[in-house]
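Student: I have a new model open on my screen and would like to walk through it with you. Could we take it one question at a time?

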Amino acid sequence: MTATPATREGHGTVTRNGPLPGAFSGPDAASGPDAVSAPDAASGSDGTYDIAVIGAGVVGTAIARELARHRLRIALVDAAPDVGDGTSKANTAILHTGFDATPGTLEARLVREGHRRLTAYAAECGIPVETVGALLVAWDQEQLAALPALAAKAEANGYDAAHLLDADALYAREPHLGPGALGALAVPDESIICPFTTPLAYATQAVRAGVDLHLNAPVSAISSAPGAEQGRHTLHTARGPLHARWLVNAAGLHADTVDRMLGRSTFTVTPRRGQLVVFDKPARAFVRHILLPVPTALGKGVLVAPTVFGNVLLGPTAEDLDDKTATTSTAQGLAALRAQGARILPELLDEEVTAVYAGLRAATEEDDYRIDTWPEQRYVTVGGIRSTGLTASLALAAHVTGLLAEAGLDLGAPRALPAVRMPNLGERFPRPYQDAACIAEDPAYGQIVCHCERVTRGEIRDALDSTVPPAALEGLRRRTRARGGRCQGFHCGPTLRDLLERELAGRSGELKESRPW
Ligand SMILES: Cc1cc2nc3c(=O)[nH]c(=O)nc-3n(C[C@H](O)[C@H](O)[C@H](O)COP(=O)(O)OP(=O)(O)OC[C@H]3O[C@@H](n4cnc5c(N)ncnc54)[C@H](O)[C@@H]3O)c2cc1C
């Protein structure tokens, strides 16, 4: 598919192959391997975006969405074949209140504001959220003594609903908790959220508002022409060049590498691995809240938390590594988690494990976000978004947009974004297979394809037809839950693969036969 920059009005494009719009102009056009003929004259474009956001994780998609309120030509560029394919797909999916953040930091402010913004946005767009509350459990006298200071810290962070519970009150709330707990700090507004629908909702809304989403486009170098007015950046990607006057670096684990492409080296990212275990749905009966340990100097520690899909998570570990691709689980890490889980919720360990996974936090030298503006370069870097980026995403986006305006980007008047309503993936909210009226209207919602997660043919079709469709089975899982259950796709995998391959072949014009629905 050949891309031209989206006009400032109307729908943007989603591209996964073919040359980027920058191939149409500039010195690279003549010599680059992906050089193509001149752009369609009707586009009236010189192939330059007003702004490019590098990284389509939960942070980059949120920023692109926020910028889309303004009449700008925006490109959202990612190395991966899908949005949310980096750290954003592998976290503990908690919508934090920010009660335990370090008061006065940028992270504390943006997590608090992000919690408020994302709670409202989720209700508007159909992103599943359950306000189950958290209990910070003290297992010894030292931890018990630390709880009042944590309550005071919560107040310093503007959160005054945290309160202490004695052991009886704690066990009344969590009867399956292991023996020996002495008390807890209750944080009633901590919530669980769908980590997959969130970046998808942002990307969907951004594309519908005119953002061009270019996937499979790893940026390997950036060259910048001088001059604030006339100058532009050229992103060199595997799909050819892309030009933009302003840049936002939201490259997560690789934000330091992108920073260096622009001659900056203000921080270094150290990947901090978090391994997690997902228990099957029967385990959900044993836990009502997010069960947190009392934090230590070494980190937030291991938690037990329900998920919006009806499972239970145990994790994460915190291991500083050198390798930014080390998302494998290890026998040692999983054993350590099981040992800690056995103390927190002994019955959990008797339940079946559905999956294990690991995510890498983008830790830096500092215990705060690393957001810097370089007005003379028309560049903002958004680094060090370690363990709270999902929660803070909308506040980060508003903050970065403000920084761009201060640095000189002419935003113009804001406009309303097109409304989006995302398909519900939450177990506690109505799903199509349960809805007789919906099935009567469209029988595809009555045909279950993934029996573990009760995903219907209608939902698969909708995902394949969506504004930002999946490129692979993994992306289909994040949009529907298909293959996310106890059999991990053993039964439904071949059917899903067939449906996806037909769709992909249909898109590339190789398969003419109609879909089976
Ligand atoms: C174990 C764990 C648990 C967590 N739990 C929570 C939680 O409960 N609540 C919470 O709020 N947060 C949590 N987080 C943090 C949260 O997941 C992250 O802060 C967030 O996902 C970061 O999003 P991002 O968009 O910055 O990074 P990413 O999702 O990694 O996105 C960065 C994107 O940049 C792209 N990219 C990188 N380099 C290039 C390049 N050169 N060219 C083009 N594209 C590039 C990548 O492909 C990637 O898609 C957790 C994190 C971990 C690891």
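Student: Which residues are closest to the ligand?

Tutor: Happy to start there, and please keep in mind that this is a predicted model. The ligand is surrounded by 41 residues. Helix H2 (58-67), strand S19 (353-363) and helix H9 (389-407) are the elements that give two or more residues to this shell. The closest residues are Gly-57, Gly-86, Gly-252, Gly-274 and Gly-389.

Student: How many residues of the shell around the ligand are charged?

Tutor: Let's sort the shell by class. It has 20 nonpolar and 17 polar residues. The charged residues number 4.

Student: Which domains each give at least three residues to the shell around the ligand?

Tutor: Two domains do so, and both are made of separate segments of the chain. They are domain 1 (48-128 + 192-267 + 368-415) and domain 2 (129-191 + 269-363).

Student: Now to strand S13 (residues 240-249). How many of its residues are buried?

Tutor: It helps to look at the neighbours as well. S13 pairs in the parallel sense with strand S2 (residues 48-54) over 6 bridges, and it runs antiparallel to strand S12 (residues 233-237), with 5 bridges. With S21, S13 pairs in the parallel sense over 3 bridges. As for cover, the count of buried residues is 10 of 10.

Student: What is the bridge partner of Ile-51 in S13?

Tutor: S13 has a bridge partner for residues on several strands. Thr-234 has His-243 as its partner in S13, while Val-248 is matched with Val-380 in S21. For Ile-51, the partner in S13 is Trp-246.

Student: How many residues does the hairpin from S12 to S13 pass through?

Tutor: These two strands run antiparallel and share 5 bridges. The hairpin that joins them passes through 2 residues.

Student: Let's follow S21. Which residue in the hairpin of S20 and S21 takes a positive phi?

Tutor: S20 and S21 pair in the antiparallel sense over 5 bridges, and Asp-372 stands opposite Thr-381 in S21. There are 4 residues between the strands of this hairpin. Most residues other than glycine have a negative phi. The residue with a positive phi, near 50°, is Arg-378.

Student: Is Arg-378 buried or exposed?

Tutor: Arg-378 is found in the loop between strand S20 (370-374) and strand S21 (379-383). A residue counts as buried if 20 or more other C-beta atoms lie within 10 Å of its own. Arg-378 has 23 C-beta neighbours inside 10 Å, so it is buried.

Student: Where is Arg-483, another residue with a positive phi?

Tutor: Phi of Arg-483 is near 80°. This residue is buried, because it has 23 other C-beta atoms within 10 Å. Its place is the loop between helix H12 (473-480) and helix H13 (493-507).

Student: Which residues of strand S16 (residues 303-306) are buried on each side?

Tutor: S16 runs antiparallel to strand S17 (residues 312-315), with 4 bridges, and Pro-306 has Val-312 as its bridge partner in S17. In their hairpin, Gly-310 takes a positive phi near 95°. Both faces of S16 are covered: one side has Leu-303 and Ala-305, and the other has Val-304 and Pro-306.

Student: Which two residues does the cis peptide bond with omega of about -5° join?

Tutor: Look in the loop between S17 and strand S18 (319-320), where one of the two residues, a proline, is placed. Most peptide bonds are trans. The cis bond joins Gly-315 and Pro-316.

Student: How many residues of helix H6 (residues 197-208) are buried?

Tutor: H6 reaches 16 Å from its first C-alpha to its last, close to the 16 Å expected. Among its buried residues are Pro-199, Leu-200 and Tyr-202, and the helix is followed by Gly-210, whose phi is positive, near 115°. The buried count is 11 of 12.

Student: One last sheet: which strands of S4-S9-S5 stand at the edges?

Tutor: The pairing in this open sheet is antiparallel. S5 shares 2 bridges with strand S9 (residues 191-193), and Val-129 stands opposite Ile-193 in S9. An edge strand here has a single partner, so one side is left without a neighbour in the sheet; the two are strand S4 (94-95) and strand S5 (129-130).

Notes:
Residues numbered from 1 in each chain as written. Predicted model: local features only at pLDDT ≥ 70, side-chain atom pairs only at ≥ 80, totals over all residues. Pairing = 2+ DSSP bridges. Near = placed C-beta within 6 Å. Nonpolar A, V, L, I, M, F, W, Y, C, P; charged D, E, K, R; others polar. Domains from an automatic or database assignment. Expected span 1.5 Å × (residues − 1).
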